[in-house]
Amino acid sequence: MSSDQPPAVARRGTNLDRVGGFNDTVVLDAIRRADQRLSRVEIAAATGLSGQAISNITRRLLDAGLVREAGRQKGTGLGKPRTLLELEPTGQYAVGVHLDPAVVTTVMLDLTGQVVVRDRTETPASDDPGVLIAGIAATVERVISEAGAPRERVVGVGIAAPGPIDVERGVVIDPPNLSGWHLVPLRDALRERTGLPVLLDKDVTAAASAEKWAGGPNGRGSFVFFYLGTGVGAGLVIGDEVVRGSSSNVGEIGHVIVDPDGPLCYCGRHGCVGETSQPRYLVQQAVRAGVLAQGIDLDDRHAVDLAFAELCRQAAGPGTARELIAALAGRIAKVVEDIANLLDLERVVFGGPHWDQLAPFFDEVVRAALEERFLVRSVHPFVVTGTALGADVGAVGAASLVLDHTFSPNPSVLLLGPAESAPSVVVGSAER
């Protein structure tokens, strides 16, 4: 971790017996957040709990298989070396699914947030939500099997979906790039098929959460996660806290106008950044400019993705292809500039299914634009970077939100489903 990054803030516990469950999560969270293994004495200092409370709690966590002893601290001449503690990776697992209109990514994370198994498949062309949900359920089962994880230690499935969503009901409402999806009860449908608790969250929020949870220095402080996929979106982290909005639908930036003379959007206006950032639109531009051959079926997602990849390949050299991608980067930079200036952010983190293809062209264009137009650049710089988590970031975010159940003093805030479906908290008990 960079030395100029602020340390994560540890939660403080209380020595009252009646909140023992809360204190267990505080201790577990302190161990997770630490940059190195901690002794019981250091955990007590970080959490404000008494030595006796720490002793009791760590014994329960060891019995539950959530932490493990990891050697001893080097002697300081002040007594016998202290035993160090760390998370037990196999203590719990979570599955994360990222649903993009072009690709479905599924991962299994262990308790430390490491990817154990990953799977990427094309999103079925069928408009029937049931076909896609059945495919996701089958993939979840396959990933669990491949990981060899005891099913009782799989605490749930997180699914990151394009918005808008109704978090309370676990419903995907009307995502613009998934035709045929209207008020789809995705959370409950997937729970019924897998028998596991399910969390539904917005894709950009999950991605921002993943960067905060596992992105290292990129995930500290205040930043916007700019999602580049079939659509675009923005996840926000302000002061180390994920911003969700009043209905958990923050980040709908697709209708910011970046080109008044641009194409007509389904919203009825021209030049929305979401419309002008779609691979379909860029491929159409490239065909008209003679960069790509005529005859590409713009309604065939697979054909469009192949053509978009070819466009990005050609953009590596000078010419019209590069100009088209540079223009895209300029439109995105305008939106990032507005968000950064409005919220006084420290960085933009780019990611999503198309980031790897676009990364070589974005850095220079976006950085130059922000260096010129970021209004408080004389106070602090604005950093342009890519996700540290690769193409899995949305799925990792969905799974990490499930794992946060383990570290949260109030697991119900994760809305894993109706109360009867929420998993029992393992902390403080040896039962699994």
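Let me begin with a pair of helices, H4 and H5, whose crossing is right-handed. What we are looking at is a predicted model, and I will go through two helix pairs, two sheets and one aromatic pair in turn.

Helix H4 covers residues 129–147 and helix H5 covers residues 186–194, and their axes come within 10 Å and cross at roughly 45°. The two helices are therefore classed as oblique to each other, since 45° falls in none of the ranges for roughly parallel, roughly antiparallel or roughly perpendicular. On the H4 side the contact is made by Gly-130, Ile-133, Ala-134, Ile-136, Ala-137, Val-140 and Glu-141, and these meet Leu-186, Ala-189, Leu-190, Arg-193 and Thr-194 in H5. Sorted by residue class, the contact of H4 with H5 holds 8 nonpolar, 2 polar and 2 charged residues.

The other helix pair I want to show is H8, residues 279–288, with H9, residues 301–314, and here the axes are 9 Å apart and the packing angle is about 60°. H8 and H9 are therefore also described as oblique to each other, although in this case the crossing is left-handed. From H8 the residues involved are Pro-279, Arg-280, Leu-282, Val-283 and Ala-286, while H9 contributes Val-304, Ala-307, Phe-308 and Leu-311. That contact divides into 8 nonpolar residues, no polar ones and 1 charged one.

Turning now to the sheets, I will start with the one made of 3 strands, which is open, has the order E1-E3-E2 and is antiparallel in its pairing. Its edge strands, each pairing on one side only, are E1 at 38–39 and E2 at 67–72. Between E1 and E3, the latter being residues 83–87, there are 2 bridges in the antiparallel sense, and if you look for Leu-38 you will find it standing opposite Leu-85 in E3. Helix H3, which takes in residues 51–63, lies across E2 and E3 and runs at about 110° to E2.

The other sheet is an open one of 5 strands, in the order E13-E12-E11-E14-E15, and its pairing is mixed. Here the edges are E13, at 241–243, and E15, at 383–386, each of which pairs on one side only. From one strand to the next, the twist averages 25°.

How do E14 and E15 run, and how many bridges join them? They run parallel, and 4 bridges join them; as an example to pick out on the screen, Arg-347 has Val-383 in E15 as its bridge partner. Across this sheet lies helix H10, residues 320–343, which covers E11 at 223–228, E12 at 232–238 and E14, and which runs at about 160° to E11.

Strand E14 also brings me to the aromatic residues, for which a search of the whole structure finds 5 pairs. One of them is formed by Phe-350 and Phe-362, with 5.5 Å from centre to centre and 80° between the planes, an edge-to-face arrangement. Phe-350 belongs to E14, residues 347–351, and Phe-362 to helix H11, residues 355–373, so this pair ties together parts of the chain that are 12 residues apart in sequence.

To close, I would set the two helix crossings side by side: H4 with H5 is right-handed, whereas H8 with H9 is left-handed. For the sheets, the point to keep is that the pairing in E1-E3-E2 is antiparallel, while in E13-E12-E11-E14-E15 the pairing is mixed.

Methods
Residues are numbered from 1 along each chain as its sequence is written. This is a predicted model: local features need pLDDT of at least 70, side-chain atom pairs count only at pLDDT 80 or more; totals for chains, interfaces and linings use all residues. Side-chain values use heavy atoms; hydrogens and water are left out. Two strands pair if DSSP finds at least two bridges between them. Contact means heavy atoms within 4.5 Å. Axes are lines fitted to C-alpha atoms, for helices over the stretch in contact, and angles run from 0 to 180 degrees between N-to-C directions. Angles under 35 degrees count as roughly parallel, over 145 as roughly antiparallel, 65 to 115 as roughly perpendicular and the rest as oblique. A crossing is left-handed if the near helix is turned anticlockwise from the far one by less than a right angle, and right-handed if clockwise. Ala, Val, Leu, Ile, Met, Phe, Trp, Tyr, Cys and Pro count as nonpolar, Asp, Glu, Lys and Arg as charged, and the others, Gly among them, as polar. Rings of Phe, Tyr and Trp (its six-membered ring) pair if their centres lie within 6.5 Å; planes under 30 degrees apart count as stacked, over 60 as edge-to-face and the rest as tilted.
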